[in-house]
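Here is a short walk through a structure for someone seeing it for the first time. Have a look at it, then follow the questions.

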Amino acid sequence: MSTYRSIFKKDLFKGQVILVTGGGTGIGRCIAHELAALGATIIIAARKSEPLKIVQDEIQKLGGICDTMLLNIRDAAMATQVIEDIVAKHGKLDGLVNNAGGQFMSPASQLTSKGFSTVIDLNLNGTYNMCKAAFDGYMGEHGGQIVTIVAETRNGIPRAMHTGAARAGIINMTKTLAIEWGPYNGIRINCVAPGLIISSGMKNYHETMVDLLAHSHWMNPTSRYGTESEVSAAVAFLLSPAASYINGVNLEVDGGSSLSKGNPEGDELKYNPEGSHHPVYIGWPEGADNVHGIKHVDAPVKINDLLNNYKAIGRSTVTAIAACTLIPSSLASPIPVPVPSLPAEFQELNKRAGATVIHACTVPNSFAITFDDGPGTFTNDLLDYLYRKQIKVTFFVNGFNYNDIKNPDIAATVKRAFAAGHQIGSHTWSHADLAASSTNIDEEMTKLDVALKELIGKRPVYMRPPYGNTSPAALEYLGAHGYKVINWNVDTDDWQHPSNFKLNLQAYKNALQRDTTGKTFISLQHDAEPLTAQVFSKIAIEYVLSKGFNIMPVGSCLGDNDGWYRD
Ligand SMILES: CCCCCCC/C=C/C(=O)SCCNC(=O)CCNC(=O)[C@H](O)C(C)(C)COP(=O)(O)OP(=O)(O)OC[C@H]1O[C@@H](n2cnc3c(N)ncnc32)[C@H](O)[C@@H]1OP(=O)(O)O
Ligand SMILES: NC(=O)C1=CN([C@@H]2O[C@H](COP(=O)(O)OP(=O)(O)OC[C@H]3O[C@@H](n4cnc5c(N)ncnc54)[C@H](OP(=O)(O)O)[C@@H]3O)[C@@H](O)[C@H]2O)C=CC1
């Protein structure tokens, strides 16, 4: 007896024969379990036999009917053969769920034409092969329901242009087929477009990408990921008679993320980094990982961990809905906290000869946002965002720290930032502690100056000492060599807790949630941290703007618009 807790009535699909491609893993497996629990004879088909056998075994142990077939959807002849075999063996084909598909992540600029064709071939051509085979082999004569899993594509899919194009192609193909095939004995064909879902598919991505995805799980209007069950429920609905007048649609199962991407209002701020208040639907039975043969969701640990939080939310139904807020409490309740004063040694150093350490601006209402230790691998994403917002900041770069400034991609990022009007400052060649007696200050400063001169044609006047550390000797050197030494008065400490946006933002809140009359600010974060470049900086910038400050490079905030560099 199946233990899958479907929202639909038992026996909804009794006597029906339904093929689920890619049914041996993730979302496809969940769909297979749910449809089998609702009485269908399920055929799961994919390239690898082992996952198929495991799922078949799970379903059969639970009293369901499940057959397996080997299938590569990219092979049209194989698609035709599988449909023929199903009809021969099971007598008919009532439903086809095109779930098989996928992609790798790659920025479009680095995608090869072979890579593009591969993903188009898998998703678009593969889905076409299956639809055509099902139509020719059975449905054209007898009717049937087709549901294709695509992906939420409304505003494009950065790093997955190939799959976005393929899925958009499927959505349009589906509309045409709905029109053309509707007259054939009532064929209905629809799409389901998942947003980010906790499923095995996430295991295909590099650890850094999984990390990024796990940390940005809250950045949609429901502030959470979706579950396999939420996709499966949409499929079951579209296959069922309850959807008998729904044809040619693309049903987005994405928590509204497709509505929010690219919203110029900076909608990340309205979401809830601390967790969702939206009840979640999980069909898998409660209990230990392997209850009655149904295993736990096979997602990466960091992604799967989110499910446990969601389960807790799901149980607190009505109160949770009533309590739903778009403004995270962290932003809504100002707690005045004094701005941390400068460490005594900096104040002391200010009095000494040589360069002066600057830690605030002079232009009224200015807020200089500064980034150290870059460029990082994701600094380009930050530059894209800054361009969209038309905001200029300061990058205190290293020569050889997280990255090598001579690496062509990193060099290109420095050039791009400079060309876009951001201020490039020095952060020493190797992130050396200038207060340490072993540091060769001249080498640290000169080596980076030479590299920057080659890249941008100029040497920076502004510099940030690594760790904010200076010594009298260092200040004397820097002063004598014409450098302006910039520290900060808002320290996010993002390098210590790169994914804890709430904690990072607290530094900004400490500064801005009190009387700021006459105050100006220089903040410190690190664009070498992927999550700072991709997520936190945006949150911080939106926050500063919401407080009415003007964001600008350090030079400008000191009233200096033409003394940033020398030849
Ligand atoms: C930022 C958030 C984005 C969210 C995206 C939308 C949400 C979607 C989520 C999901 O879909 S979950 C995942 C579902 N499952 C999968 O994606 C399956 C995993 N992927 C694959 O199995 C493969 O990538 C593939 C797409 C099926 C291709 O496999 P195939 O064996 O047919 O091709 P290959 O011989 O491996 O490669 C051919 C060709 O493609 C290029 N290429 C392949 N991998 C990469 C890569 N990692 N990076 C860059 N390019 C790649 C390359 O040109 C290959 O040719 P060669 O150079 O090897 O000759
Ligand atoms: N997880 C998510 O966040 C999202 C997923 N999706 C889509 O949902 C679908 C299911 O994804 P998910 O369960 O997460 O990922 P999985 O990687 O677990 O599932 C993909 C399945 O497709 C099968 N498959 C891949 N290529 C072929 C092929 N050429 N012929 C037959 N079967 C194939 C795989 O089996 P095998 O390798 O044995 O062939 C596998 O079972 C995919 O289309 C995915 O792109 C869309 C948006 C979001």
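What follows is a dialogue about two ligands and a pair of helices.

Q: What kind of model is this, and how is it numbered?

A: It's a predicted model, where local features need pLDDT of at least 70 and side-chain atom pairs count only at pLDDT 80 or more, while totals for chains, interfaces and linings use all residues. Residues are numbered from 1 along each chain as its sequence is written, chains are lettered from A and ligands numbered from 1 in the order in which they are written, and side-chain values use heavy atoms, with hydrogens and water left out.

Q: How many residues surround ligand 1, and which are the closest?

A: A residue is near a molecule if one of its heavy atoms lies within 4 Å of it. Here 18 residues surround ligand 1, and R74, G102, Q103, T112 and K114 are the closest. Helix α4, residues 113-142, gives the most to that shell, with four residues (helices are DSSP runs of H or I, at least four residues, numbered from the N terminus).

Q: Which polar side-chain atom lies 2.7 Å from an oxygen atom of ligand 1?

A: A polar contact is a pair of N or O atoms within 3.5 Å. The one you're after belongs to K114. The side chain of R74 also has an N or O atom 2.5 Å from an oxygen atom of ligand 1, and for T112 the distance is 2.9 Å. Alone, ligand 1 exposes 1200 Å², and the protein buries 60% of that (areas come from the Shrake-Rupley method with a 1.4 Å probe).

Q: And which residues come nearest to ligand 2?

A: Out of 28 residues around ligand 2, the nearest are T25, K48, R167, S199 and S200. A polar side-chain atom of T25 sits 2.7 Å from an oxygen atom of ligand 2, and the side chain of S200 has an N or O atom 2.6 Å from an oxygen atom of ligand 2. On its own, ligand 2 has 870 Å² of accessible area, and the protein covers 91% of it.

Q: At roughly what angle do helix α17 and helix α18 cross?

A: Two packed helices are described by the angle between their axes and the distance between the axes. Those axes are lines fitted to C-alpha atoms over the stretch in contact, with angles from 0 to 180 degrees between N-to-C directions. Helix α17 (residues 501-512) and helix α18 (residues 530-546) cross at roughly 25°, their axes coming within 10 Å. So α17 is roughly parallel to α18, a label for angles under 35 degrees.

Note on methods:
A polar contact is a pair of N or O atoms within 3.5 Å; within protein, one must be able to donate a hydrogen and the other to accept it, and residues adjacent in sequence count only if both atoms are side-chain atoms. Helices (H or I, at least four residues) and strands (E, at least two) are DSSP runs, numbered from the N terminus. Angles under 35 degrees count as roughly parallel, over 145 as roughly antiparallel, 65 to 115 as roughly perpendicular and the rest as oblique.
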